[in-house]
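This report goes through a few local features of one protein chain. Please keep the sequence and the 3D view open while reading.

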Amino acid sequence: MRKLVLPILLSAIGQTTYAEPPHFKDHQALYTYVAKTEGYIEAFSELDQPKSNVDITSIQPALPTTIWGKASIKEDGVIIGSKRYAFLSAKDWPPSSATGPFKLDLQLTRVFLDQSGRRMCLQSSLGGNGGWARWRNIAVIEINAAGKPVIHKWSAMYASCNGIFFKDKQLVIGTLWHHHLSENDFTSMKLDLRNAWEGVLQARYELNLSTPGNAFDFVAFKK
């Protein structure tokens, strides 16, 4: 019987398989995976926000009126009640002047709301060609206990309200980045998860692209 032990053990070892890094075709799937892996709660859900086919000057999202009253979104700020709050005076996270003055393209703006109804997230692609098409403006607007809005804003590659999470009732923000100068030749990216608004790193993921420059086809693993 002793002679059978070694072959049996070797056979068992030979059958051991190792999990492949998860393969993603879009960023939403990545954020859902990260939330599950890290034990986060996805902070925001997108509101159904119909848009006009012609030029628009403001958006009136379906926000809880008991909290927000009459609210509208302009390209350079928000109006709550009768008062205008400009993005120019909002707090930066992280500070960035890479994209110039912070403005929203209202045709491209997506509106998100958290479960409390007191925190809104705005996401707007900068559009354009080449590298600028990768950048987005994000604004997080929260109604505080005094009924006043507190606004944080930032710009980053592929920034998304879907990449914002709750951890122990605090916000954690995911930002994608890479070091390469060429927008067409980079083969890897990193996803940093940092607590808002101090910016302390909570976790980092490495993204290896299947095709250089294609940031929507990659495998990801935690560093």
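Gly 39 follows helix α2 and has a positive phi, near 75°. The model is a predicted one, and the sections below describe the helix, some backbone features, two buried residues and a pocket.

**Helix α2**

Helix α2 runs over residues 27-38 and has 12 residues. From the first C-alpha to the last, α2 reaches 16 Å, close to the 16 Å expected at 1.5 Å a residue. At the N-terminal end, α2 is capped by Asp 26. The contact behind this cap joins a side-chain oxygen of Asp 26 to the backbone nitrogen of Gln 28, at 3.1 Å.

Which residues of α2 are buried? They are His 27, Leu 30, Tyr 31, Val 34, Ala 35 and Glu 38. These residues lie on the same side of α2, because they cover an arc of only 135° around the axis.

**Backbone angles**

Gly 39 has been mentioned for its positive phi. Two residues that are not glycine also have a positive phi: Tyr 158, near 55°, and Lys 169, about 70°. Tyr 158 lies in the loop between β11 and β12, while Lys 169 lies in the loop between β12 and β13. Are these two residues buried or exposed? Tyr 158 has a relative accessible area of 5%, so it is buried, the limit being under 20%. Lys 169 has a relative accessibility of 77% and therefore counts as exposed, the limit here being over 50%.

The model also has cis peptide bonds, and two are listed in the table.

| Cis peptide bond | Omega | Loop holding the second residue |
|---|---|---|
| Trp 93 to Pro 94 | about -25° | Pro 94: between β7 (91-92) and β8 (110-114) |
| Ala 196 to Trp 197 | near 10° | Trp 197: between β14 (188-195) and β15 (201-209) |

**Two buried residues**

Asp 114 lies in strand β8. Its relative accessibility is 6%, so Asp 114 counts as buried. A polar atom of the Asp 114 side chain lies 3.0 Å from the backbone nitrogen of Gly 117.

Phe 186 is placed in the loop between β13 and β14. With a relative accessibility of 0%, Phe 186 counts as buried. Along the chain, Phe 186 and Ala 215 are 29 residues apart, and their C-alpha atoms are separated by 8.9 Å.

**The second largest pocket**

Rolling a probe the size of a water molecule over the atoms shows where empty space is left. In this model, the second largest pocket holds about 150 Å³ of space.

Which strands each supply at least two residues of the lining of this pocket? They are β10 (135-143), β11 (149-157) and β13 (170-177). The lining of the second largest pocket includes Val 140 and Glu 142, as well as Val 150 and His 152. Gln 170 and Leu 171 are also among the lining residues, as are Arg 119 and Phe 166.

Three residues named earlier return here. Lys 169, the exposed residue with the positive phi, is one of the lining residues. Ala 196 and Trp 197, joined by a cis peptide bond, are also in the lining.

By type, the lining of the second largest pocket divides into 6 nonpolar, 2 polar and 3 charged residues.

Note on methods. Residues numbered from 1 in each chain as written. Predicted model: local features only at pLDDT ≥ 70, side-chain atom pairs only at ≥ 80, totals over all residues. Heavy atoms only, no water. 1 Å grid on protein atoms, 1.4 Å probe; cavity = no way out; pocket = protein on both sides within 12 Å on 5 of 7 lines; lining within 4 Å. Points joined across faces, edges and corners; volume = space filled by probe spheres on them. Helix = DSSP H or I, 4+ residues; strand = E, 2+ residues; numbered from the N terminus. Nonpolar A, V, L, I, M, F, W, Y, C, P; charged D, E, K, R; others polar. Buried < 20%, exposed > 50% of the residue type's maximum accessible area, 1.4 Å probe, protein only. Expected span 1.5 Å × (residues − 1). Arc of directions from axis to C-beta. Polar contact = N/O pair within 3.5 Å; in protein donor to acceptor, adjacent residues only side chain to side chain.
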